[in-house]
Structures are given as C-alpha cells and as structure tokens.
Amino acid sequence: MANPQWFEPTTDTSRGFSDSVFWIKETVRNPRSVAYTQVVQFKSLQLPQVTEFLETESGIRLRESGYLTQIAARPSVAHFTSFPLAIDPNTTIEVLYRVESQFKIDLDYQVLDTNSASRADNQKLMVGAMIFAALLILLIYNLILALLNRGLTYLFYSGFLGSSTLVTVAFFRLNEPFGWVMDPVYLKAYAGLALYAFAFLFLSQLFKENQTKATQRLLILGYLVLGGHLLLEPYANIKSYSGWAGPIVFSVFTYLVINAWLQKNPLAKFVMLGWSVYALCSLLYVANLKGLIGFEFESVVSLGNLFEGVVLSGVLAYRLRLGDRTASLLKSAEVELQHERLANELGYGYKWEFDLERQMIRPDVTFAAWHGKGWQAGEWYPAQELFAAVPEEWHAWLAEDMQKSIQSLMADPEYLLQTRHPLIREDTGATVWIQVYGKLIEVEGRKLYVGNALDITELVDSKQAVDAEIEKFESLSERATILFWRLDLATKSLTYNRAFANRWSLEPGGTIQFSDFANFMTPTFVKIMEESVDQVVSTREPLERVVQALAGPISGEWYRLQFWPLFSEQGELIGVDFTNSNINTLMQTQAKLQSTLTKQKELFAIVGHELRTPVSSIKMLTEDEQITDRERTQQIAEISEGLLDVLEDMRVVISPERALESKTIAENPSKLVHRALNSLKAIVAERGLSLSSEGVKASSATYLLHAQSLRQIVTNLVKNAAIHSSGSRIAVGFEISYAAGGAQARLRVEDDGKGIPAEKVDQLFEAFSRGETTQDGSGLGLYIVKQLAERLGGQIRYSKSPLGGACFTLNFALGEEVVPMKEIANEPTPMSLEGMRVLLAEDDNTLRMLTERTLTKKGAIVTACVNGREALDAFDPELFDLIITDLMMPKMDGHQLTREIRATGATTPIVAVTAAVIGAETEQFMQEGADAVLSKPLKVEALVETLMQMEVATESMC
C-alpha cells in the first residue's frame with residue numbers, strides 16, 4: 001500500500017506553521033479472537049482536515065475528519081479528530097493519514113479502545129466547557145457592575161471577558177456540540193484582536209491617573225498594530241502575532257502596568273500578578289504555534305484568560321470597595337460638619353440674659369467658665385462685673401447692640417439682632433471675630449436682653465479664603481472668557497459670574513430667569529440650552545457639546561458648552577451648572593495639526609514609494625549573474641545618482657521655500673530617457689513584459705531642463721505599467737518638435753494591458769487613488785507624476801492606447817538649447833585642491849576613508865578624525881585652511897563642533913556635509929557658524945564650486 005522507505009519514525013510531532021503535507025502510517029493489530037474496534041485519535045483540536053486511506057478488498061477507502069469537515073461526514077462524532085477502526089480477529093491492518101493545514105500542525109496521536117477514546121474526548125470537552133462557564137459567569141458579573149456603576153472601566157473589562165469567552169469557544173470548538181461547524185482560526189484571530197483592544201482600553205481607563213506621554217504613545221502603537229492586523233486574513237494574522245506582533249503587544253501591556261506600579265497605584269501589583277500569568281500562558285501558546293512545544297499548550301491561553309479574569313475581577317471589586325470607603329469617609333466628614341453646625345447653633349458659644357432695669361446678667365455654663373472669678377451658671381451678677389471682665393473695646397458695641405435691640409423691638413417684636421465684631425486677644429495679640437445674636441424679650445414685666453456670643457474666627461477666615469477663591473475664579477474666568485451660570489430647578493432662576501454678566505450686559509451678582517435667554521440669545525442657541533438642560537435633568541449625567549457661532553460678532557468661533565447636574569446632600573437633583581469656554585484657538589490648532597499630520601503621512605508615503613524602485617533595481621543587479629561587473633557598476637552608479645536626486649527632490653518638497661535652490665541643468669533629453677529605460681529593464685523583465693524604446697527619437701541637442709523630474713516621470717510611468725497593467729508589452733516614445741514658441745517635447749508611455757475603467761479616470765492623478773489592481777502600491781505614483789509634470793511646465797494626460805491598454809502622454813516645453821563650447825586645449829577647468837590643509841570629521845569608516853582618498857587625490861592634505869571631540873582637539877587655526885564636518889557623530893556632533901570652533905573666534909571656513917537632506921539642518925548649521933552645507937556623498941566639483949563662491953583660494957585657483 002505504501003513504500004516503507006517513505007516513512008521514518010519520529011517523536012517530533014509539533015511542526016508549527018508549515019506549507020508541507022504530512023503522511024502518517026500506523027499499523028493497528030487485533031490479537032484477540034473476536035472482532036475489536038480501536039480508535040486512532042489525534043490529540044490536537046486545531047487540525048482542519050485529516051484524510052484516512054485504508055486498503056480494503058473493494059479498493060481504497062477514504063474518510064475525512066477535522067474542524068472543516070461537516071459533523072455528519074466525520075467517521076466519529078467525537079470532539080477530537082478520530083477514526084474508529086473495526087478489526088477482525090487476529091488481524092493486522094495498515095492505515096495512512098494525510099495531514100494538511102494552513103494553520104499550525106501537530107501530528108501527535110494515540111490508538112485507544114472506544115471507551116478510552118470517548119473518555120479522553122469528554123474530558124477535553126469538559127475542560128473547555130468549565131473554562132467557558134467560568135468566563136461567562138465573570139462576564140455577567142462585570143456587566144452587572146458596568147450597568148450599576150455606569151463606568152467605562154467595567155464596560156471595557158466586560159468586552160475583554162466577552163472576547164476571552166469567544167477565544168475559548170475557538171480553542172475548544174465548543175460550537176460543534178450544537179451542530180455548528182466553523183473555522184475556529186477566524187474566531188481566534190478577530191476575537192483575539194478585540195481581546196487586546198479591550199485590554200488596552202481597560203488598562204488606560206484603570207490607570208488613567210498614571211498615564212504619561214510615553215504610555216500614551218505606546219497605546220497608540222498598540223492600537224496601530226491591532227488595527228493593521230484587521231487588514232490581514234486570519235491565518236496570516238495568527239502567524240504575525242506569533243512572530244512579531246505578540247511581543248510588541250506584550251511590551252505595551254507590561255510597560256503600562258509597571259508604570260502604574262512605579263507611581264504607587266494600589267491596584268497595579270494585583271494587575272501585574274494576573275498579567276504575568278497571562279503573559280506566561282501566551283508565550284507558551286506562541287511556542288506551540290512555532291512548533292517548539294506540543295499540543296498540550298495549544299489552549300493554555302484560555303487558562304491564562306480565566307486566571308486574569310478572576311484576578312482582575314477581584315481588582316475591580318477592590319477598586320469598588322475603595323470607592324465605597326472613600327464615599328463613606330466623605331459622608332462621615334459631612335455628617336460631622338453638620339453635627340458641628342448644629343452644636344454651634346444649640347449649645348456652643350457663650351449665652352446670657354441681661355436685665356435692663358436691674359443691670360444684672362445671668363451666664364450659662366460656658367459663659368460662667370469663660371468669665372471665671374467664681375461665676376456660677378444660672379446666677380445673676382452685676383453688669384459692672386461683666387464689663388470688668390471683658391476687653392474695654394467691647395463696652396461701646398455692647399451698649400450699642402443693646403440700644404439697637406430696644407429700638408428695633410419697638411418697631412418689630414420679633415426682631416433678632418445679629419452683629420459681628422473683630423477683637424484683639426490680650427493674651428496672644430491675635431485678631432478674633434465674635435458673632436453676637438441678641439433679642440429683647442419681656443418676662444414677668446421685666447425686659448430681658450437674651451444674647452449668644454460665638455467665636456467665629458475660623459468661620460470668618462474660611463469665608464475670606466472662599467471669597468478669595470471666588471474672586472480668583474472670577475478673574476480667571478474673565479481672562480479666559482469662561483461664562484458660568486447655575487440654574488435652580490425649583491425657581492428656574494440663574495445666578496452667574498461676572499464674565500457672563502459682561503458678555504450679555506447684565507447686572508453683576510444678579511439673577512435672571514432661564515426663560516430670559518430668549519431676550520438676548522439667538523433662537524438656535526436658546527434651543528441648544530433648553531435641550532441640553534432637559535437631557536441633563538433626564539439622564540442625571542454631565543453633558544458636553546461643541547458648537548460654532550453662526551451669527552453676530554462671534555460668528556464662526558467655536559465654543560465648548562459643559563453642563564453638570566447639581567445634587568443636594570440627599571441625592572436630589574436641584575440644579576444644573578453650566579460653563580461656556582471659547583475654544584476657537586484650540587480648534588484652529590487642532591485643524592492645523594491634523595493638516596500637518598496628513599501632509600506628513602503623504603510625504604512618508606512618497607518617500608517610501610520613490611526609494612523602492614532604485615533599491616529594488618540595485619538588488620536585482622547584484623543578483624544578476626549574466627551582467628558584467630563593468631555594466632553592473634555603471635548601472636548601480638546611475639541608479640545611485642538618481643537616488644540622490646530623489647532625496648534632493650524630497651528636500652525641496654519638505655521645504656518649498658528652498659525650491660529656488662533646485663536648478664535646471666543642461667541635458668540631452670533623448671539620452672536621459674534611454675538611460676532611465678535601461679535601469680528599468682530588469683524590473684520589467686521580472687514581471688514578464690517586454691519594453692520597447694523604438695519610439696524614442698535620437699537627438700544630439702542639449703537643453704536646459706529639470707532632468708531629474710523627467711527621469712522620475714519615465715520611471716513611474718513604466719513601473720506602473722509593469723506592475724498594474726496585466727499586459728505583456730510596454731512601448732515608450734519620445735520626440736522633440738519645434739514651433740514658434742521654441743522646442744516642445746512629447747513623452748508617451750503605453751501598454752497592451754487592461755487599461756483604466758472609465759469611472760476611475762477622473763480620480764486617476766489624485767493622491768492615494770488606485771485603479772483596479774491587486775498589486776501593492778501606495779497610490780502616489782501618478783500623483784507624483786502630475787506634480788513633476790507641473791514642475792516641468794507641462795501637463796500629463798491619459799487616453800486609451802491603440803495597443804489596447806493605457807496611454808499616458810506628457811507635453812512640455814524645453815528650455816533654451818545649449819551649444820557645447822569647444823574645449824580649449826591645454827586650459828582644463830581648474831579642479832585641484834593642491835596644498836589645502838583640510839580637517840575632516842566623519843564617524844563612518846567607509847565614508848571617512850573614501851572622502852580622505854578623494855581629497856588627497858586632488859592634492860589636499862587631510863587630517864581625518866572619527867568624531868567632533870577628536871576634531872576639536874586637533875583643531876588649530878594656524879594649521880588648517882578648511883574644516884569639513886559630518887552632522888551626526890558620537891561624543892560630539894557637527895553642530896557642537898561648529899559652535900565650539902566659532903566660540904574660539906576662529907574664522908576658518910567650515911563646510912558641513914549631511915545625509916539628512918530632508919529637514920532644517922542647513923539653516924541650523926548656517927546659524928551655528930558653518931559657511932556652507934553640502935549633501936553626502938561629498939563631490940569634489942561641488943566642494944570646489946562652493947569654495948569659489950566663498951572666495952576661499954586654493955593653490956590651483958590663485
């Protein structure tokens with residue numbers, strides 16, 4: 001049935017991700033004298049399809065099992081991938097199994113009797129069911145907490161538990177007992193992404209007070225990794241997770257927890273316990289995916305989910321308890337405050353009765369104890385003893401208060417005198433405040449003045465502090481233009497701050513009715529206010545709205561409206577607080593930031609797009625064994641030159657104000673097109689297309705033009721055709737015609753592919769727009785072509801090609817024709833640097849060696865240093881005529897070296913070289929004292945031209 005040499009015994013059953021098909025041969029014996037059934041049972045639940053081959057008298061019998069096989073079609077309804085074999089007495093059979101999976105592969109199996117196989121199957125199913133039930137209980141519990149507390153923390157954690165439950169269903173295929181067959185990899189992939197997303201949200205909410213800029217950036221990284229995995233198909237998703245995404249996600253989680261731990265968050269250590277166990281389980285699962293350990297660990301993540309679910313549920317319960325304890329302490333403090341207030345009203349202070357006719361006073365216990373000198377509570381004493389006991393400054397206002405009480409009693413028998421006086425204590429010299437309550441009453445024909453004096457110094461100090469805070473709030477509100485009002489729901493009246501009063505020309509400190517809004521606000525704004533208040537009253541939750549004024553002097557400005565419910569001590573909703581903040585500057589800043597971010601994304605996409613072609617060409621040239629070294633070197637040199645031109649273009653793109661630095665050059669456009677096509681032949685051939693340049697008309701004329709733009713247009717158009725046309729032929733034409741306005745060039749690139757659908761043509765040259773293609777690409781190729789065409793002063797157009805595919809035509813005007821000057825014999829252009837003493841600072845060994853060699857060949861005397869510190873130590877203005885320094889170096893970079901040299905007063909010319917052509921390095925170098933900035937690699941021609949412009953003389957130039 002099978003050649004024995006095809007098989008070999010092995011104990012390495014865990015193979016991880018593999019594109020191979022595996023065959024297993026098993027010999028099953030029945031030594032008994034009766035027929036007997038044995039079961040070949042594969043131990044992994046994650047096998048999509050296993051095919052059994054058994055040779056019978058009637059031919060080869062095929063049976064299939066696995067999670068992609070319908071339950072009714074399986075040889076056994078067992079949860080495992082199982083194959084029952086009925087064996088005749090004293091018989092041996094040989095059976096083959098074919099195992100194939102896009103997912104990870106585990107070949108371990110066992111041969112059991114039916115009872116043992118059923119028991120093993122039931123045990124595995126029971127474990128999965130128990131983990132599922134436990135997670136489901138935790139999920140229901142936390143959902144109840146989420147509903148009761150209305151907190152995002154519990155909601156996000158419920159999402160985490162729900163995702164963990166779905167992952168458990170996928171690991172143990174708990175859907176199959178209900179007759180539902182599906183691919184569990186899909187559920188694991190997407191439920192796993194949801195699990196990590198909810199975990200990020202949960203931890204960011206739980207540790208909200210501990211977040212730093214670093215944690216926020218890491219969270220963004222985590223979300224980007226998870227979001228990017230949504231674009232992958234599920235099998236690739238899991239493979240990516242086991243390769244690089246998993247470690248990134250684990251690192252983000254670990255940093256969030258450790259950061260909270262270091263900031264003394266009381267919950268962090270418990271979260272760390274759950275996370276440590278979960279991370280260990282996840283690492284074991286990853287090891288199983290990679291084939292490092294066996295099937296026993298393929299569902300270990302579910303155990304980790306359960307453990308973390310239990311721990312974090314405990315954490316949330318502890319958090320809830322802390323919140324309850326805090327609320328209880330606040331309530332106790334409030335109760336004590338009320339007790340103190342009531343005690344002051346009922347028993348504290350100094351009470352007395354004063355008989356106006358007899359001029360006698362009767363103190364209470366506290367007053368008698370304060371007075372001392374033998375006074376007893378409830379006894380009458382002459383008033384002179386009272387005046388002798390209190391400070392002399394009390395006498396006048398005590399008499400005034402009594403007189404005021406007598407006069408007020410005549411007008412109003414229920415009049416209650418309330419006065420407040422500051423006094424200076426003789427023992428400490430401190431100022432104290434005394435609050436006096438007094439009322440004149442008549443008892444048995446006698447007029448008695450009943451009084452109560454309280455020391456309210458702390459109350460006055462507190463009120464002064466509160467008044468100061470209120471004034472500070474009012475001042476800040478006026479400066480920040482924050483309008484505030486409080487609505488009393490019972491009276492529908494508003495109290496407001498000064499900023500609100502100034503805004504609507506109202507009386508400061510006054511009140512208005514809520515309905516008065518209609519007198520000075522637009523109907524739209526009044527409607528917003530009414531609807532917002534109604535929503536806060538109905539939901540009892542805060543509300544925030546961002547609106548833009550549409551009329552009046554503030555038209556177009558943005559405002560943030562915030563509404564808060566105001567509750568009484570008994571929890572009754574009694575009012576609504578409102579603030580209105582002008583956020584116009586914030587909105588404008590956000591808009592500018594968003595615009596900047598969008599431009600940055602487009603720029604980075606362009607950089608990646610433009611660098612991919614030359615780098616790919618260089619790679620293909622290094623792998624092409626048929627090309628000669630000379631041809632390879634020549635083409636790599638041309639590609640490198642083009643790559644440097646691309647980087648120079650990127651510098652101009654990022655700094656438009658420096659566009660004038662990008663000069664046109666004298667170039668033969670026909671030869672330029674030919675060179676560009678030569679560098680593309682390898683890429684076109686790799687795609688199976690032919691590239692024809694027969695339409696490029698030869699010309700010996702040279703013109704002033706932006707050669708790099710033309711080269712890049714040819715490259716982009718040919719590459720787009722090779723990648724996206726699905727054709728077999730690309731034809732390029734280039735010709736020059738002459739008219740009254742001067743020389744005109746016409747470039748045409750066409751193919752015999754599928755062309756561009758009519759509905760896509762209008763958006764063809766827009767950024768990130770792509771036609772009907774399955775190939776990779778950023779959608780920026782034609783957008784860049786359009787920009788470059790405009791730089792050439794031309795226009796790119798699309799039409800249907802006679803070949804059947806797409807045709808792109810560029811028409812542009814050439815610059816002035818340049819007539820090459822005849823070389824003057826024996827008068828070569830002076831390019832020597834003979835005798836110039838150069839101090840070179842460059843940390844890259846290769847660049848330092850090549851630059852030193854290049855300068856030395858031109859006659860310079862070079863002292864080379866590996867960093868700025870070494871160059872500064874070697875510098876002497878009497879020993880060097882020129883300094884050439886790199887930007888980024890260890891110990892001391894080019895910026896600091898330039899500053900240090902200029903700080904000495906030396907005027908030695910400094911030329912900075914940098915590979916960072918995109919950015920503000922040039923301006924920074926110049927500001928720090930450099931005389932010129934050149935791009936890497938350093939060219940002697942550019943250096944000499946720069947030195948001539950700087951009027952730095954070399955021996956050959958003198």
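This is a short talk on some helix packing and strand pairing in one protein chain, taken from a predicted model.

Let me start with the overall counts. The protein chain has 958 residues, and 44% of them count as buried. There are 25 helices and 34 strands. If you take the contacts between residues at least 6 apart in sequence, 63% of them join residues at least 24 apart.

Now the helices. Two packed helices are described by the angle between their axes and the distance between the axes. I will go through two pairs, and helix α3, residues 184–206, is in both.

The first pair is α3 with helix α4, which covers residues 213–229. The axes come within 10 Å and cross at roughly 165°. The cut-off for roughly antiparallel is over 145 degrees, so α3 and α4 count as roughly antiparallel to each other. Their crossing is left-handed. On the α3 side the contact uses L193, Y196, A197, F200, L201 and S204, and on the α4 side L219, G222, Y223, L226 and H229. By class that gives 8 nonpolar and 3 polar residues, with no charged ones.

The second pair is α3 with helix α6, residues 268–289. Here the axes come within 14 Å, and the crossing angle is roughly 160°. That angle also makes α3 and α6 roughly antiparallel, therefore. The crossing of α3 and α6 is left-handed. From α3 the contact takes K188, L195, Y196, L203 and L206; from α6 it takes V271, Y278, S282 and Y285. The residues of this contact divide into 7 nonpolar, 1 polar and 1 charged. Note Y196: it is listed in the contact with α4 and in the contact with α6.

Next, the sheet. Six strands form an open sheet, and the order is β18-β17-β16-β21-β20-β19, with antiparallel pairing. Which strands stand at the edges? They are β18, residues 511–513, and β19, residues 543–548. Each has a single partner strand, so one side of each is left without a neighbour in the sheet. From one strand to the next the twist averages 25°.

Inside that order, β16 and β21 are neighbours. Strand β16 spans residues 482–488, strand β21 spans 573–582, and 7 bridges join them. One position to look at is I482, which stands opposite S581 in β21.

One residue in this sheet deserves a closer look, and that is F567, in strand β20, residues 558–567. Is F567 buried or exposed? Its relative accessibility is 34%, so F567 counts as partly exposed. Leaving aside residues up to four places away in sequence, F567 touches R540, E572, L573 and I574. R540 is 27 residues away in sequence, while the C-alpha to C-alpha distance is 9.3 Å.

Last, some pairing further along the chain. Strand β22, residues 665–667, is joined to strand β24, residues 702–705, by 3 bridges, and the two run antiparallel. The bridge partner of A666 in β24 is L704. Strand β24 is also joined to strand β29, residues 817–818, by 2 bridges, again antiparallel. In that pairing Y703 stands opposite E817. So what does β24 pair with? It pairs with β22 and with β29.

That is the end of the talk.

Definitions and conventions:
Residues numbered from 1 in each chain as written. Predicted model: local features only at pLDDT ≥ 70, side-chain atom pairs only at ≥ 80, totals over all residues. Heavy atoms only, no water. Pairing = 2+ DSSP bridges. Helix = DSSP H or I, 4+ residues; strand = E, 2+ residues; numbered from the N terminus. Axes fitted to C-alpha atoms, helices over the stretch in contact; angles between N-to-C directions. Parallel < 35°, antiparallel > 145°, perpendicular 65-115°, else oblique. Left-handed = near helix turned anticlockwise from the far one by under 90°. Contact = heavy atoms within 4.5 Å. Nonpolar A, V, L, I, M, F, W, Y, C, P; charged D, E, K, R; others polar. Buried < 20%, exposed > 50% of the residue type's maximum accessible area, 1.4 Å probe, protein only.
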